[in-house]
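Could you walk me through this protein in my viewer, one selection at a time? I am new to it and would like to know what to click on next and what I will find there.

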Amino acid sequence: MADGTPRTPILVEQAADRLYIIDARNGVERGILLDWIHATFDDPGGDREPQWASLDIEDGDHALPVDVLQARLGGAASRQVVPLRVAWRIPNFDRDRALKFRHLIFGDPRHPGPLRARLILMRDRRRAQILVGEAATLDNLRDRFCAQTGGGDGEGADSPEFAGFVARQAALALDVAERGIRGTRYKVPRFVADSLRTSPKFRAALADLSEQLGRPVADLYREARPLMKEVIARPSALFLDLRARLDRMMFGGYAPEMEVDAAELAKLRGILREHPTAILFTHKTYIDGATPSRLTYENDMPMLHSFGGANLDFAVMGEFFRRSGMIFIRRSFQDQPVYKLVLRHYIAWLLAKRFPLSWAFEGTRSRLGKLMPPKYGLMKYVLDAAHATGTQDVHFIPFVTSFDLIRDVEEYAAEQTGRSKKPESLSWFIGYMKSLKEPSGRIRLDIGDPVVIAEAPGPDDKRALERIAFAVAVEANRVTPLTVTSVMCLILLGLAPRGATAAELLAAIAAITDWARVRGIRLSKELAEGCESAITATVDTLIAGGLLTRYEAGSENVYSIDPAKHPMASYYRNIIAHHFLDRAMIELALFQLRDTDRGDTTAAFWDHVDRLRDLFKFEFFYPPRDEHRAAIEAELTRIDPVWDRRLASGASGVASLIRRCQPVVGHAILLPFAEAYSVVAELLTRARPGDEVDAKALLEAALVEGRQAYLLRRISSEAAIGKLLFENALSLMRHMGLAEAAAPEALAGRRALLLELRGLANVMESMRLSTTALADRLPGGSDA
């Protein structure tokens, strides 16, 4: 009935040999369906009554009342089983899906109680629509029963278990028919626990576990039953609609329409329909997890199952999110084999039935803007489930949401400079929701190419897991677009403390967008179209939001970023920093060559590039060295087709390449990292011989010393003061063997690293000065 086989027409000569399964919640619905049956029943002999069985086929942890149905399943193998249901229509619902939160109390109007149903029929009988599900013969159903359950409990095709199976198949067929009038967004899993308990694979896995643990299978079944109730989400149409309403409320300060490419959307629709899929979204804010679900809901695609910690499964909110598709997982279950088995088979069941999954593959919100190293936990659960059950062609789809303004960024900046994070609470949630109503610009969605896993690796193949996660991260970075916000922050941070006129900004934006187009880097709609009015409107939003400032008293408007806002602005710049990384390394290496004695300039250039790669290895994702070198060579070719000859020619060639790189951006990308690392390196150089490194104390001291360094202008911006930056600096020094006990060699290495980092910062300061000196000569500058 619901397995995708072609529909079997109900032939006239078979009309008298039918069994109707009535899925009715109350007597009113049963009466409507019985009237329809008698009105359409065609018995040529006129001496037979239609055969039917009525029951409320609901999900739940209880056996269905199938006695009547079981008694009527003993007909001929060719007897057709025809499922029936009433679908209640809501006037004008398709236009605005205007369900209200009051329906949590009074019930879903699509499932009225008997009194409400009678009132509806009195007003408009057309609102009760008869659904006829796909019919199936008893012979076909028996074959399915054996194939899907392995024969069930062994009592054969006349058992109560077979009757329950037929009832569930009828409900699934009716769900398919109902989605035809309501939409694919309401495709929700049904009878999951029953499907797992009767699955041959699940039974076999439980039998294997029984042998391993030396416990009876029946005990494991009893243990698994409440675990299924704990793990399995129970989404319904009502809660999906209410969740969508909550999502719209959260995005109240943004433009009503999300920007997404139509071709990418169509491709996503096909993948969700044809393949087991997981959407892995980048995590910049509390609300970006809602953009994939909002996209699928508004475009009538299957609902997404998301993941949450079991600590969030509390009171009203836990039930709300469970009923809208959230799967709550315990933080640790290493020594809970039955729980692990239930979770694995549940995930595999969702994948096999084409219910897509969704989670933040970074595991936590990015506090710096750039992509965080992926967390492997959920990906490993999914791959282990696919491996254990033989699920093939799992598609991991990177999903990037870009916001003009992110309300969380101010909180991140405060956290990174050492201020305590405000704990989540009801009052915090209300305040956060209120802040989301403030104008915040546009939302853009970018959907990457899927990372396809033909066959899932084994549970112990950690390298394969890392490769898959890395591939997802690289693709997420590839599809991250340049936006007006990120490009404005890049330009103004690179010029700071100097500001820029409107003409200078537009010229710089045009130069960057032209550069990006040549390299196939994605652009937001305003940048792609070069629409000055749209860019100006976004800038106005950024000014109103306090990120940018505009000085209007002079002869020209001047734009800048207040120094106190540099940590916030750096967040938006960091979102796109990876696109400019190769360029930044080229520029910095060239400036280093300009300022040092040279022998073989080509060899020295590549030595500088390799050193930069090693210094910032904890900040960025790099391809293998050969691929990375090829990418840098390609970028050099775009800068100057004869770069290799110029580089080999020495000082004059280096100077020529630097001119062709103007305006440079390397300092705007890498200076905060070098300055932050220098703060940690300086603290380590102060150690006395034999001192151990106390990581916590070191990071706390770095926050204090970093602030002092900024006040003395030893570092150029507060954007270089941050806990994560300092942590990565310490990770680098551990990697270099400089964070062990302070032996003389380690202290010398620390001092050498400090001098190197300060030297890099000085070189980047000269790059900044070259950019500001060039600003007036840019097209559209003040002397143009």
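Start by selecting P663, which sits in the loop between α29 (651-661) and α30 (666-685). Look at the peptide bond leading into this proline: from Q662 to P663 the bond is cis, with omega near -5°. Keep in mind as you go that this is a predicted model.

There is another such bond to visit. Select A496 and P497: the peptide bond from A496 to P497 is cis, with omega near 10°. P497 belongs to the loop between α20 (484-495) and β13.

**On to a small sheet**

From P497, move along to β13, which covers residues 500-501. Now add β14 and β15 to the selection. In what order do the three strands lie in their open sheet? The order is β13-β15-β14, with antiparallel pairing. The edge strands are β13 and β14 (549-551), each of which pairs on one side only. Zoom in on β13 and β15 (residues 558-560): two bridges join these antiparallel strands. To see one position across the pair, select T501, which stands opposite V558 in β15.

**A strand covered on both faces**

Next, select β9, residues 357-360. Are its residues L357, S358, W359 and A360 buried or exposed? They are all buried, with L357 and W359 on one side and S358 and A360 on the other, so both faces of the strand are covered.

Now bring in the strands that pair with β9. Strand β6 (residues 277-281) pairs with β9 in the parallel sense, over four bridges. Strand β7 (residues 305-309) is also joined to β9, by two bridges, and again the strands run parallel. Click on L357 to see how it takes part in both pairings: L357 is the bridge partner of A278, and L357 is the bridge partner of H305 as well.

**Two helix crossings**

For the next stop, show α15 (337-352) and helix α16 (residues 377-389). Two packed helices are described by the angle between their axes and the distance between the axes. Here the axes come within 8 Å and cross at roughly 80°. Why are α15 and α16 called roughly perpendicular? Angles of 65 to 115 degrees count as roughly perpendicular, and therefore this description fits α15 and α16.

To display the contact, select L343, R344, H345, I347, A348 and L351 in α15, together with Y381, V382, D384, A385, A388 and T389 in α16. Colored by class, the residues of this contact divide into eight nonpolar, two polar and two charged.

Then switch to helix α11 (residues 237-250) and helix α13 (residues 290-298), whose axes come within 10 Å and cross at roughly 120°. That angle makes α11 oblique to α13. The crossing of these two helices, α11 and α13, is left-handed. On the α11 side, select L240, D241, R243, A244, D247, R248 and M250; they meet A290, S293, R294, Y297 and E298 in α13. By class, the contact of α11 with α13 holds five nonpolar, one polar and six charged residues.

**Three loop residues**

Now for some single residues. Select F191, in the loop between α7 (160-182) and α8 (192-198). F191 has a positive phi of about 55°, although it is not a glycine. Is F191 buried or exposed? F191 is buried, because its relative accessible area of 5% is under 20%.

Compare R713, found in the loop between α31 (695-711) and α32 (723-735). Phi of R713 is also positive, near 60°, in a residue other than glycine. R713, however, is exposed, with a relative accessible area of 52%.

Your last single residue is S332, in the loop between β8 (326-329) and α15. S332 is exposed, with a relative accessible area of 52%. Draw a line from its C-alpha to that of L64: S332 and L64 are 35 Å apart in space and 268 residues apart in sequence.

**Zooming out**

Finally, show everything. The protein comes to 33 helices and 15 strands, and 54% of its 784 residues count as buried. Along the principal axes, the C-alpha atoms fill a box of roughly 105 × 65 × 55 Å. Among contacts between residues at least 6 apart in sequence, 77% join residues at least 24 apart.

Note on methods
Residues numbered from 1 in each chain as written. Predicted model: local features only at pLDDT ≥ 70, side-chain atom pairs only at ≥ 80, totals over all residues. Heavy atoms only, no water. Pairing = 2+ DSSP bridges. Buried < 20%, exposed > 50% of the residue type's maximum accessible area, 1.4 Å probe, protein only. Axes fitted to C-alpha atoms, helices over the stretch in contact; angles between N-to-C directions. Parallel < 35°, antiparallel > 145°, perpendicular 65-115°, else oblique. Left-handed = near helix turned anticlockwise from the far one by under 90°. Contact = heavy atoms within 4.5 Å. Nonpolar A, V, L, I, M, F, W, Y, C, P; charged D, E, K, R; others polar.
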